[in-house]
Each structure stands twice: as C-alpha cells, then as structure tokens.
Amino acid sequence: MKLAVVGTGYVGLVSGVCFSDLGNEVICVDKDPRKIDTLNRLESPIYEPGLKELIEKNYEENRLKFTTDLSLGVKNSDIIIIAVGTPPLPNGEANLEFIEQVAREIAEEMDSYKVVITKSTVPVGTNERIRDIIKGITSISFDVVSVPEFLREGSAVKDTFNPDRIIIGTESEKAKNILVELHKPLTENIIVTDIRSAEMIKYASNAFLATKISFINEIANICDKVGADVTKVAEGMGFDNRIGKAFLNAGIGYGGSCFPKDTNALVQIAGNANYDFKLLKAVIEVNQNQRFNVLEKLKSSMGSFSGKTVAIWGLAFKPNTDDVRDAPAFEVIDELIKGGATVKAFDPVAMENFKAQMNHPSIVWCNSGIDAAAGSDAICLLTEWNEFKEIDLNAVQGVMKTPVLIDGRNVYSKEQINLTEFKYKSIGRPELVEEKEIVTL
Ligand code: NAD
C-alpha cells in the first residue's frame with residue numbers, strides 16, 4: 001500500500017518506518033526541515049532502540065522517503081496518517097492547531113480518494129472536525145478514521161510490530177477494509193468501532209494506566225509509614241489476573257509527553273460535558289506530589305540543601321528514550337537549586353534535550369554516573385537506566401563526599417545496598433532503611 005505520514009515525531013516516524021518495513025511504500029512528511037535533513041542523512045532525530053537500522057534498511061530498499069513537501073506525500077499515497085503533536089494548552093485542553101492545519105493542507109492537495117487516519121491523540125469529536133474541515137475545502141471523496149496509537153517510547157519499534165490491539169474507529173466499510181488489510185500483519189486483535197469510541201479508548205487507556213501508577217505510589221507512601229514493602233505488595237497483587245503486574249512499580253510518578261497531557265485533557269473533556277472526573281483529578285494530584293517524595297527523603301537524610309552538591313542520575317522521563325517532556329527531573333532540580341544546592345547531572349542519552357530546556361549555572365553536566373557522584377553529598381536516582389542498575393556501588397561510594405543514595409525507582413536490592421556504606425532510601429521499602437551514621441569519606 002502507499003502511505004504518507006505527516007509528522008515525524010516519536011509516533012509518526014516509528015509508524016512510518018515500521019509500515020515501510022512491512023513492505024508498504026511510505027513517504028514521511030514533516031514541516032521541520034532540520035528533521036527531514038537528518039533523516040535524509042539516514043540519522044534518526046530521536047533516540048529509539050532499533051529505529052536507525054530500520055530507517056537505513058528501508059530507505060536503501062527504496063520503500064521509505066522523507067520530505068517537507070506535503071503535496072508529494074498526499075499525491076503519492078492512498079492512506080495519509082496524521083501524527084502531529086497535540087500539546088496541552090494552559091488550561092489542560094489539547095491544542096488542535098497543528099491537526100487542523102494539516103487537515104486543511106491535506107484537503108488542498110487531495111487528487112483522488114484517500115483514507116485519512118488520525119494517530120495523534122485527540123479529544124472526542126476531533127475526527128468529525130477534521131472531516132468537516134476537509135469537506136469544506138474539497139469535493140473529492142475521502143474517509144477520516146481514528147486509529148489511536150499505544151506505543152511506548154523506549155520500546156516504540158517493538159510495540160509497533162507487536163501491538164496488543166489495533167483500534168479502528170470508522171463508519172465507512174471501504175476504509176475499514178483497507179485498514180484491516182494494512183494492520184493484519186501486526187495482530188489479530190483488530191477492534192472496529194465508531195469514531196467517538198475509538199477516540200475515547202485512547203484517553204481511557206492512558207487514564208487507567210496513570211491511575212494504576214498513582215494507586216501504587218499511594219500504597220508505597222503508606223508502606224513507608226506502616227513498615228511494609230511495596231514491591232512485595234505489588235508482586236502479590238500482580239499475580240491476580242484481574243489486576244495484572246504491569247504499571248505497579250512505585251516510584252516518583254509518571255512524566256512524559258502522554259500521561260500528564262492526556263489525563264489533564266480527559267479531565268477537561270469531562271468538564272466540557274459537565275462531568276466532574278474526581279478520580280482522575282486525584283490521580284493527577286497524587287502524581288504531582290510524588291515527584292517531591294525524593295526531595296523529602298533527601299532532606300531527611302542530609303538536612304538543608306544549602307551549600308550541598310547533589311548528583312542527579314537520569315533526566316529522561318523514563319529509560320531508553322531521549323524524551324524529557326514533563327520529566328520529573330525538571331522540578332526536582334529546580335527545587336534543589338532553589339534550596340541552594342549545586343546539581344551534578346547525568347543521563348546516558350537525554351542530556352542535550354534537557355540542557356536545551358534548563359541550563360542553569362548551578363547545574364554541572366557530567367559524563368557518567370560516577371562523574372556525577374564524584375564529590376557529591378548525595379545521589380538522587382530519577383530514571384532507571386540499566387547503566388545505573390549495573391553500576392559498581394562501592395566504586396561510586398568511594399568518590400562521594402558522603403554516601404547518601406535516594407533511589408526514586410526502587411532499582412537496588414537490599415543485598416546490593418548491604419554490601420555498601422550507603423545511607424539509602426527508596427520508595428515504599430522502609431525495611432531497606434538502616435539507621436546508618438553518615439560517614440564523611
Ligand atoms: P512529536 O512532537 O514528537 O512530533 C510531532 C511532529 O509533527 C514534529 O516533528 C513536528 O515538526 C511535526 N508537525 C507539526 N505540525 C506539522 C505540520 N503542519 N506538517 C508537518 N509536520 C508537522 O509528537 P509525538 O510524541 O510523536 O506525538 C504525536 C501525537 O501522538 C500526539 O498527539 C501524542 O499525544 C500522540 N501519542 C504519542 C505517543 C508517544 O509516546 N510519544 C504515544 C501515543 C500517542
């Protein structure tokens with residue numbers, strides 16, 4: 001099949017590249033010429049495991065093209081996938097400016113029947129709005145279909161090739177048949193529904209996952225007070241098939257470009273329909289507070305931040321990505337600096353993206369975890385990169401001023417910590433806290 005993908009971000013680029021790998025001819029379009037230049041040099045503008053290799057392979061086999069020319073994409077394809085951003089407005093609602101602009105541009109270039117897919121996450125009713133925009137500009141026939149995306153950054157290629165399900169929201173039999181054919185190689189779990197339900201499935205799924213995270217974080221906070229171990233509690237809960245193991249890892253809460261944005265947007269969608277989504281509001285509040293949990297633990301271990309040096313391990317909102325959108329590290333570092341601390345920051349791949357948004361004279365950018373730890377009074381682990389999981393804690397301890405470790409992601413075991421002198425605190429595992437005197441090394 002012939003496809004155009006508009007927007008070469010985390011969703012559009014990965015989808016386009018994976019569809020080309022399945023044998024389709026794909027033209028990826030982006031308005032950002034730097035991204036397209038990077039892609040035409042066969043480099044990936046984003047860090048996503050396995051992506052660069054697939055870009056090279058499919059480009060060389062002539063199935064994959066990159067351009068800023070939307071007209072080229074539209075005229076040479078039967079299916080057009082919209083995957084531009086829907087960032088939050090100040091009131092939490094999704095900003096549909098980019099979506100609407102793309103809809104107008106597609107309509108202006110259409111020369112034959114097209115299936116226009118919306119992969120961007122959009123509020124209920126948006127696909128109808130896209131349809132009306134296109135209809136207002138062209139008399140050529142087309143169908144608009146909602147196919148929400150569920151990939152996770154950090155495993156986006158794997159998720160695209162192995163989706164749990166594909167949702168196709170359409171009223172058109174013709175579009176349904178084309179899209180079932182397109183997605184058949186990926187999974188048998190293809191659910192065809194009306195457009196509004198498809199749009200809601202995406203928000204409801206993200207809101208539910210966010211709820212699981214905030215739920216286990218609240219349980220962790222209670223575990224801290226009553227002397228239970230949240231990792232054991234989560235394990236015990238997770239074996240119950242009705243609950244499931246996923247998204248029960250206590251930590252410093254969710255970040256990223258999706259959960260914070262989509263939970264806020266769903267609260268707004270509900271509010272616009274005169275419904276007060278109390279549960280989701282609480283989920284958002286719990287998540288916001290959880291970011292500061294590590295700071296409280298840090299403060300209780302080292303007292304005031306003033307004049308102290310704190311190593312931050314991890315800036316990306318989660319491992320295996322360079323995405324720092326709504327990463328907890330921004331607020332944690334901001335509070336440390338406000339408290340008078342110097343921050344030594346390190347992330348294996350997200351340093352440049354982070355630096356572009358937060359560059360303060362009190363932040364020292366480091367080359368490794370151990371470099372960040374050198375001379376520091378404490379370490380705060382915010383992202384569970386493998387590199388931190390596998391680090392030699394005794395070597396790290398040896399270069400620090402005082403061995404204090406706040407583990408915001410419950411990465412280390414009791415056995416690992418017991419082999420060190422670290423004064424260690426994690427999330428919801430109070431039995432791991434031993435009253436160690438801080439030894440100045
Ligand atoms: P992104 O910001 O990484 O990429 C968006 C791209 O669209 C940018 O490269 C931008 O230059 C391009 N763009 C904007 N306007 C354009 C136009 N008029 N013409 C051509 N290109 C244009 O965004 P993303 O993270 O890929 O997310 C895209 C959508 O998918 C959002 O609605 C998001 O909520 C949703 N989504 C994201 C994820 C994720 O993990 N990132 C997962 C599922 C769904």
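Where is asparagine 62 found? Asparagine 62 sits in the loop that links α3 (51-60) to β3 (64-67), and the legends below come back to it after a look at the whole chain.

**Before you start.** This is a predicted model, in which local features need pLDDT of at least 70, side-chain atom pairs count only at pLDDT 80 or more, and totals for chains, interfaces and linings use all residues. Residues are numbered from 1 along each chain as its sequence is written, and side-chain values use heavy atoms, with hydrogens and water left out.

**Figure 1. The whole protein, with its 19 helices and 14 strands.** Helices (H or I, at least four residues) and strands (E, at least two) are DSSP runs, numbered from the N terminus. Along the principal axes, the C-alpha atoms fill a box of roughly 75 × 45 × 35 Å. The radius of gyration is 24 Å, which agrees with the value near 22 Å for a compact globule of 441 residues; this radius is taken over C-alpha atoms, and the globule rule is 2.2 Å times the number of residues to the power 0.38. Of the 441 residues, 55% count as buried, where buried means under 20% relative accessible area, exposed over 50%, and partly exposed in between (1.4 Å probe, protein chains only). Among contacts (heavy atoms within 4.5 Å) with a separation of 6 or more, 71% come from residues 24 or more positions apart.

**Figure 2. Threonine 126 in helix α6 (residues 126-137).** Is this threonine buried or exposed? Threonine 126 counts as buried because its relative accessibility is 5%. Beyond its neighbours within four places in sequence, threonine 126 is in contact with Leu96, Ile99 and Glu199. Isoleucine 99 is 27 residues away in sequence, with 9.1 Å between the two C-alpha atoms. Look also for the backbone oxygen of proline 123, which lies 2.6 Å from a polar atom of the threonine 126 side chain.

**Figure 3. Serine 376 in the loop between α16 (369-373) and β12 (378-381).** With a relative accessible area of 0%, serine 376 is buried. Which residues does serine 376 touch, not counting those up to four places away in sequence? They are Thr309, Val310, Ala311, Lys344, Met400, Lys401 and Thr402.

**Figure 4. Asparagine 272 in helix α11 (residues 259-272).** Asparagine 272 is exposed, with a relative accessible area of 54%. For a sense of distance, try glycine 339: the C-alpha atoms of these two residues are separated by 39 Å, and the residues are 67 apart along the chain.

**Figure 5. Asparagine 274 in the loop between α11 and α12 (278-290).** Here the relative accessible area is 75%, so asparagine 274 is exposed. The phi of asparagine 274 is near 60°, a positive value in a residue other than glycine. Most residues other than glycine have a negative phi.

**Figure 6. Asparagine 62, in the loop between α3 and β3.** Here is the residue from the opening question. Asparagine 62 has a positive phi of about 70°, although it is not a glycine. With 57% relative accessibility, asparagine 62 counts as exposed.

Conventions. A polar contact is a pair of N or O atoms within 3.5 Å; within protein, one must be able to donate a hydrogen and the other to accept it, and residues adjacent in sequence count only if both atoms are side-chain atoms.
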